[in-house]
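Thank you all for coming. Please take a moment with the sequence and the structure before I begin, and I will then go through a few parts of it in turn.

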Amino acid sequence: MSTDKLDSSLELELAALKEEGRSKSSERIIQGYVPPEKDRGPRYRLVGSDQAYMRFNSNAYLSLSNHPELIEAADQATREFGVGPGAVRFIDGTFIHHVSLEERIAGFVDKPAAKIFNSAYTANCGLALAISGKNSHWIGDQLNHNSIIRAMRISNVPSENKGIYRHNDMADLKRCLDAVSPDMDRVVVIFDGIFSMRGDFAPINEIVEICREYEEKFRDGVITVVDDSHGIGAFGKTGRGTPEYAGAWPDVVVGTFGKAFGVNGGFIAGSRTLIEAVRQKADTYIYTNPLSVADCAAAVKALEICDSPEGQALLTHLAAQTKRFRKGLDRLGLESIDGPHPVVPLMVRDTAKTHELVSYLYDHGVLVVGLTFPVVPKGDETIRFQINACHTPKDIDQVLDLLGAFFSTP
């Protein structure tokens with residue numbers, strides 16, 4: 001047996017992806033970490049380069065990955081229980097650290113219970129598997145994350161039981177709700193808290209209020225779900241995310257420990273009955289090993305830090321550096337999308353220039369993400385900058401100086 005025939009077909013598929021502009025570039029390999037020093041933040045060393053780089057493409061908004069208390073918590077848990085759980089949770093793979101993290105994150109987002117997953121992606125899929133049925137109808141924002149779209153697919157929600165509303169358009173959300181058949185038992189309205197490519201956020205207070213108007217129309221009501229992976233820990237007065245910022249909490253919160261909290265894993269938080277249904281019905285929970293105890297212990301420590309004066313200081317610094325960067329873009333006359341979140345898109349609006357700017361910043365020691373057609377529509381080409389708490393004013397100004405020099409060159 002050989003995969004020669006398969007490989008030939010796959011090579012054609014890969015070539016087609018490249019021709020369409022959808023293939024991904026080679027992955028850069030980080031091989032070294034240079035700690036912060038004086039007025040500069042940390043730097044990273046890559047295989048094949050002698051240069052040290054600033055990461056402006058990291059989701060680690062609070063910069064906790066290298067925090068000594070997280071490292072110590074992970075190390076202590078590993079020394080006690082080892083590096084892996086050895087079984088799925090139903091077969092004695094549940095450790096005290098799994099339960100502790102679930103209790104801690106449920107309290108953090110003000111829900112009765114929570115269940116942790118290996119990622120927010122598998123959490124979204126697990127939620128859909130747990131609460132979807134032949135008489136359920138799902139409605140989502142048109143810019144929802146791929147994991148939400150995939151969740152609807154793997155839970156076999158038929159096309160006639162789906163509605164998509166225009167991005168953050170509440171009148172269009174009402175249109176979708178009005179279009180739901182009264183024969184449906186339950187309606188799920190699901191949306192990102194922070195839309196990660198744009199840095200803008202869902203008007204959760206308006207969504208919750210609108211959905212409440214339709215509550216009595218369906219046997220099981222209208223269930224609101226937010227995936228706040230980019231908001232939790234980094235947004236809101238105390239880091240509770242987009243619901244805290246908007247002043248309204250959806251019925252279910254999905255999130256991650258792998259961004260602001262600097263660790264790994266995802267979670268679903270909601271009522272105790274819903275979480276038990278997830279435990280019993282979510283394939284992405286039942287049939288895979290859980291997070292390591294090291295991940296769980298580190299995540300608990302991250303939540304503790306977020307709720308401490310140190311966490312408040314990190315949030316304050318993050319907000320200040322985000323504001324500094326946004327003001328710098330305005331001063332340079334560059335276009336962005338307004339918002340207080342540390343995802344700051346720079347609208348370049350030209351594919352070739354976007355590629356050129358990504359290369360220019362790389363050559364000058366700055367890592368960023370460029371989004372070009374067909375990933376985004378022509379004319380919406382963007383550089384996504386992500387501010388982290390480890391960035392210093394000097395780091396921010398250095399990047400702004402580079403942007404000023406790039407755009408001033410004929």
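Let me start in the middle of things, with helix α5, whose buried residues pack against α4, β5 (136–141), β6 (162–165), β7 (186–192) and β10 (222–227). Before going further I should say that this is a predicted model, and please keep that in mind throughout.

Which residues of α5 are buried? They are Ser-147, Ile-148, Ala-151 and Met-152, and they cover an arc of only 140° around the axis, which puts them on the same side of α5. The general background is that an α-helix has 3.6 residues a turn, so residues three or four places apart point the same way. Just after α5, you will find Asn-156, which takes a positive phi of about 60°.

Among the neighbours I listed, α4 deserves a closer look. The axes of helix α4, residues 120–131, and helix α5, residues 146–154, come within 8 Å and cross at roughly 35°, and the crossing in which α4 passes α5 is right-handed. On the α4 side the contact is made by Tyr-121, Asn-124, Cys-125, Ala-128 and Leu-129, while α5 contributes Asn-146, Ser-147, Ile-148, Arg-150, Ala-151 and Ile-154. Sorted by character, the residues of this contact between α4 and α5 divide into 7 nonpolar, 3 polar and 1 charged. You may notice that Ser-147, Ile-148 and Ala-151 appear both among the buried residues of α5 and in its contact with α4.

Now to the strands. Seven of them, in the order β4-β12-β11-β10-β7-β5-β6, form an open sheet with mixed pairing. Which strands stand at the edges of this sheet? They are β4 (113–117) and β6, each with a single partner strand, so one side of each is left without a neighbour in the sheet. Neighbouring strands here are turned by 20° against each other on average, if direction is ignored. Within the sheet, β7 and β10 run parallel and are joined by 6 bridges, and Val-188 stands opposite Ile-223 in β10.

Other helices lie across these strands as well. Helix α3, residues 96–108, lies across β4 and β12 (266–270), and runs at about 125° to β4. Helix α6, residues 170–178, lies across β5, β6, β7 and β10, running at about 165° to β6.

That brings me to helix α7, residues 204–213, where the buried residues are Ile-204, Ile-207, Val-208, Ile-210 and Cys-211. They cover an arc of only 165° around the axis, which puts them on the same side of α7. What covers these buried residues includes β6, α6, β7, β10 and α8 (242–246), whereas the face turned away from the buried side of α7 carries the exposed residues Arg-212 and Glu-213.

From Ile-207 I would like to take you to Ala-320, which is found in helix α12, residues 309–331. How far apart in space are Ala-320 and Ile-207? They are 29 Å apart, C-alpha to C-alpha, and 113 residues apart in sequence. Ala-320 is partly exposed, with a relative accessible area of 38%, a value that lies between the 20% under which a residue counts as buried and the 50% over which it counts as exposed.

Finally, there is another open sheet, formed by 4 strands in the order β1-β2-β3-β14, again with mixed pairing. Its edge strands are β1 (30–34) and β14 (366–367), each of which pairs on one side only. If we walk along this sheet, β1 and β2 pair in the antiparallel sense over 4 bridges, and the bridge partner of Val-34 in β2 is Arg-43. Next, β2 and β3 run antiparallel, joined by 2 bridges, and Tyr-44 stands opposite Tyr-53 in β3. These two strands, β2 and β3, form a hairpin with 5 residues between them, and Gly-48 in the turn has a positive phi of about 90°. The strand β3, residues 52–55, then runs parallel to β14 and is joined to it by 2 bridges, with Met-54 opposite Val-366 in β14. Packed on this sheet is helix α14, residues 393–408, which touches β2 (43–46), β3 and β14, its direction making about 100° with that of β3.

Definitions and conventions. Residues are numbered from 1 along each chain as its sequence is written. This is a predicted model: local features need pLDDT of at least 70, side-chain atom pairs count only at pLDDT 80 or more; totals for chains, interfaces and linings use all residues. Side-chain values use heavy atoms; hydrogens and water are left out. Axes are lines fitted to C-alpha atoms, for helices over the stretch in contact, and angles run from 0 to 180 degrees between N-to-C directions. A crossing is left-handed if the near helix is turned anticlockwise from the far one by less than a right angle, and right-handed if clockwise. Contact means heavy atoms within 4.5 Å. Ala, Val, Leu, Ile, Met, Phe, Trp, Tyr, Cys and Pro count as nonpolar, Asp, Glu, Lys and Arg as charged, and the others, Gly among them, as polar. Buried means under 20% relative accessible area, exposed over 50%, partly exposed in between (1.4 Å probe, protein chains only). The arc is that of the directions from the helix axis to the C-beta atoms. Two strands pair if DSSP finds at least two bridges between them.
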